[in-house]
Amino acid sequence: SAKKVYVATIDNIGIYQEGTLLSKHHAFRGEKDIATAHSVVSVTFENGRKYTYDSSVTDPLFPNLMTFSTKVEDIIHVDNTRGKIQLLHNHWKAVDVTVTVTGRDQVLESSTEIACNLQPAVGDVDLGSIDGIPLQPLEIGETFELPIRINTGSLNLGTFDLYIYFDPTILSILNPMAAVTFNQNKNEVKSGILDAIVDEGVLHFSGSIDSDSLGGPNALLGQVQFVTLKAGLAKITGEVELLGSTDLPSIDI
């Protein structure tokens with residue numbers, strides 16, 4: 001009878017999205033519950049044979065060789081047997097994907113970490129960096145700008161009415177009179193009207209854009225300047241009241 005050969009080492013684990021190797025700096029990106037990635041794991045057997053498992057392959061040579069998991073199941077969904085991954089939420093730090101293989105005398109385990117960064121659906125707004133972790137760790141007293149991006153689909157942004165919610169015990173807006181500044185690229189935002197009100201942990205801002213060239217899946221409307229007040233984990237969220245196009249009459253985005 002054939003002698004059973006066990007895996008001796010897990011040599012490498014990588015998570016890929018559309019051909020790009022994901023990491024702390026190259027985030028797992030896309031729309032909530034839609035974006036997917038796949039696992040690629042290289043192992044060496046006791047007899048020296050090397051094998052690479054790719055979860056994007058329909059019929060792998062050894063389909064039940066390894067199992068997959070994560071500690072943050074509310075951020076990414078990991079198919080335990082196949083290693084396919086689905087993006088569920090943003091996260092403030094890189095998250096783990098772990099592969100486990102049964103060796104001859106022990107269980108072998110290896111992990112990698114990836115950033116998770118949701119991208120806005122059409123008519124939605126994204127806060128923070130476009131890649132990597134949405135907002136990097138900050139020092140107390142540090143000033144930072146929070147980018148505001150909008151997915152306008154095939155239309156161009158004309159009017160907007162948005163809310164941003166934050167923890168006022170941890171974060172503060174430096175100058176409420178100039179809480180939000182427009183994208184400085186004159187090819188995208190030539191000029192416009194912007195009105196902002198800050199009340200405790202709520203920033204409400206609205207306005208219009210004179211140009212008809214700010215559009216696409218990640219259109220940068222502007223940025224909000226915050227300062228950190230003390231240590232802690234601050235959650236920043238938002239709500240869309242209105243996004244209108246430059247078409248006449250205006251069409252909701």
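Which residues of S6 form the covered face, and which the uncovered one? In this predicted model, Met66 and Phe68 make up the covered face of S6, while Thr67 and Ser69 belong to the uncovered face. This arrangement fits a general pattern: in a regular strand, side chains alternate between the two faces of the sheet. S6 also has a partner, strand S9 (residues 95-102), and the two pair in the antiparallel sense over four bridges. Within this pairing, Phe68 of the covered face stands opposite Val99 in S9.

Val99 leads on to the nonpolar interior. Together with Tyr51, Ile85 and Cys116, Val99 is included in a second, separate core of 29 residues. The largest nonpolar core has 30 residues, and the members that touch the most others are Ile148, Leu157, Leu203, Phe205 and Leu221. Several strands contribute to this largest core, each with at least two residues: strand S12 (125-127), strand S13 (143-150), strand S14 (157-165), strand S15 (171-173), strand S16 (180-182), S18 and strand S19 (219-228).

Two of these contributors, S14 and S18, also take part in an open sheet of four strands. The order of this sheet is S17-S18-S14-S20, and its pairing is antiparallel. Strand S17 (192-199) and strand S20 (237-245) are the edge strands, each pairing on one side only. On average, neighbouring strands of the sheet are turned by 10 degrees against each other, with direction ignored. At one end of the order, S17 is joined to strand S18 (residues 202-209) by eight bridges, and the two run antiparallel. Here, Ile193 stands opposite Ser208 in S18.

The loop between S17 and S18 holds a backbone detail worth a look, at Glu200. As background, most residues other than glycine have a negative phi. Glu200, however, has a positive phi, near 55 degrees, and this residue is exposed, with a relative accessible area of 62%. Glu18 offers a second case, with phi near 50 degrees, again a positive value in a residue other than glycine. Glu18 sits in the loop between strand S1 (7-17) and strand S2 (20-21). With a relative accessible area of 80%, Glu18 is exposed as well.

Aromatic side chains provide another set of contacts, with eight aromatic pairs in the structure. One of them joins Phe45 and Phe62 in an edge-to-face arrangement, 5.6 Å centre to centre and with 65 degrees between the planes. Because Phe45 lies in strand S4 (residues 36-45) and Phe62 in the loop between strand S5 (50-54) and strand S6 (66-69), the pair ties together parts that are 17 residues apart in sequence. The two rings have unlike surroundings: Phe45 is buried, at a relative accessible area of 9%, whereas Phe62 is partly exposed, at 27% relative accessibility. A stacked geometry is seen for Tyr163 and Tyr165, whose rings are 6.2 Å apart centre to centre, with 10 degrees between the planes. Both of these tyrosines are partly exposed, Tyr163 at 23% relative accessibility and Tyr165 at a relative accessible area of 27%.

Returning to the edge-to-face pair, Phe45 and Phe62 are linked with Tyr51 into a cluster by ring pairs. Tyr51 is also among the residues of the second core, where Val99 is found too. Val99, in turn, is the residue of S9 that stands opposite Phe68, on the covered face of S6.

Conventions
Residues numbered from 1 in each chain as written. Predicted model: local features only at pLDDT ≥ 70, side-chain atom pairs only at ≥ 80, totals over all residues. Heavy atoms only, no water. Pairing = 2+ DSSP bridges. Axes fitted to C-alpha atoms, helices over the stretch in contact; angles between N-to-C directions. Buried < 20%, exposed > 50% of the residue type's maximum accessible area, 1.4 Å probe, protein only. Phe/Tyr/Trp six-rings, centres within 6.5 Å; stacked < 30°, edge-to-face > 60°. Core = buried A, V, L, I, M, F, W, Y, C linked by side-chain atoms within 4.5 Å.
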